[in-house]
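Me: I should like to look closely at one part of a protein structure and then see how its surroundings are arranged. The structure is shown below.

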Amino acid sequence: DGIGNTLVSRMRDGTAVELDEQKILPLMQRKIDELESAHVQAVLIMCTGEFPEVFHARVPLIYPSKLICNIVESLKGVSCIGIITPEKSQFQDIERKWGRIVPKVVPVQWNPYLESRPRQAAEALRDAGVDLAVMDCFGYSQEMRCYAAEIIGKPVILSRRIAIQVVKELV
């Protein structure tokens, strides 16, 4: 459809912003080129959005969304997944992304840049009876993951933690 995913990020001053994926792709490629010129061993896209296969890199280019989706897909017994995402405007993208992997997707809003402990989002996933939850944004912290897991009572995957583990294996 030519319309990119809605991505959420934080500015240096802490302000949360929504970005149009299509507008930032060329900027991302320039940054990949700069990093390669600096002789990095790998490049991590620090976002769990789904990106088209348009980037060129001579070093491993790590897409966290693919990592997390493949991990969840490899798990047996997951028929209902809770997806924690920053903005309601991302729900359609989330349902499309995760609906290919798990029969029932329950998205909830929890903006990690504005709220540190939103009980309502975690309780909604607990009440929906999810088998597993994924914090589908790099903005969530380990403390937030522990808080959500305590309320939901099920495993919670922190996307950035998984991605960082892969980077550690590569460099």
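Is Arg96 buried, exposed or partly exposed? Please examine its salt bridge closely, and then turn to other parts of the structure.

Reply: The model is a predicted one. In this model Arg96 counts as partly exposed, at 39% relative accessibility. Buried would require under 20% and exposed over 50%, so the value for Arg96 belongs to the class in between.

The partner of Arg96 is Asp93: the two form a salt bridge in which the closest N and O atoms are 3.0 Å apart. Both residues belong to helix α3, which comprises residues 91-99. Because Asp93 and Arg96 are three residues apart in that helix, about one helical turn separates them. Asp93 has a relative accessibility of 16% and therefore counts as buried. The salt bridge thus joins a buried residue, Asp93, to a partly exposed one, Arg96.

This pair is part of a wider set, for the structure holds eight salt bridges. One of them is formed by Arg58 and Glu36, with 3.3 Å between the closest N and O atoms. Arg58 lies in the loop between β3 (43-44) and β4 (61-62), while Glu36 lies in helix α1 (residues 21-37), so this pair ties together parts that are 22 residues apart in sequence. Arg58 is exposed, its relative accessible area being 69%, whereas Glu36 counts as buried at 7% relative accessibility.

Another salt bridge links the side chains of Asp127 and Arg126, at 3.1 Å from N to O. Asp127 is exposed, with a relative accessible area of 59%, and Arg126 is partly exposed, with 38%.

Asp127 leads to helix α4, where it appears with Gln120 as an exposed residue on the face turned away from the buried side. The buried residues of α4 (residues 119-128) are Ala121, Ala122 and Leu125. Because these residues cover an arc of only 95° around the axis, they lie on the same side of α4. They pack against three strands and a helix, namely β5 (80-85), β6 (104-109), β7 (132-135) and α5 (142-152). Just after α4 comes Gly129, which takes a positive phi of about 70°.

One of the strands against which α4 packs is β5, and Thr85 is found in that strand. Thr85 is buried, with a relative accessible area of 1%. Its side chain makes a polar contact of 2.8 Å with the side chain of Gln90. Leaving aside residues up to four places away in sequence, Thr85 touches Gln90, Phe91, Ile94, Val108, Gln109, Trp110, Asp136 and Tyr140.

The final topic is empty space. The largest pocket contains about 910 Å³ of space. It is lined by 39 residues, and those closest to its centre are Met28, Ile45, Met46, Cys47 and Phe51. Helix α3, where this account began, is among the elements that give two or more residues to the lining, together with β1 (6-10), β2 (16-20), α1, β3 and α6 (159-170). The element that gives the most to this lining is α1, with six residues.

Terms used: Residues numbered from 1 in each chain as written. Predicted model: local features only at pLDDT ≥ 70, side-chain atom pairs only at ≥ 80, totals over all residues. Heavy atoms only, no water. Buried < 20%, exposed > 50% of the residue type's maximum accessible area, 1.4 Å probe, protein only. Helix = DSSP H or I, 4+ residues; strand = E, 2+ residues; numbered from the N terminus. Arc of directions from axis to C-beta. Contact = heavy atoms within 4.5 Å. Polar contact = N/O pair within 3.5 Å; in protein donor to acceptor, adjacent residues only side chain to side chain. Salt bridge = Lys/Arg side-chain N within 4 Å of Asp/Glu carboxyl O. 1 Å grid on protein atoms, 1.4 Å probe; cavity = no way out; pocket = protein on both sides within 12 Å on 5 of 7 lines; lining within 4 Å. Points joined across faces, edges and corners; volume = space filled by probe spheres on them.
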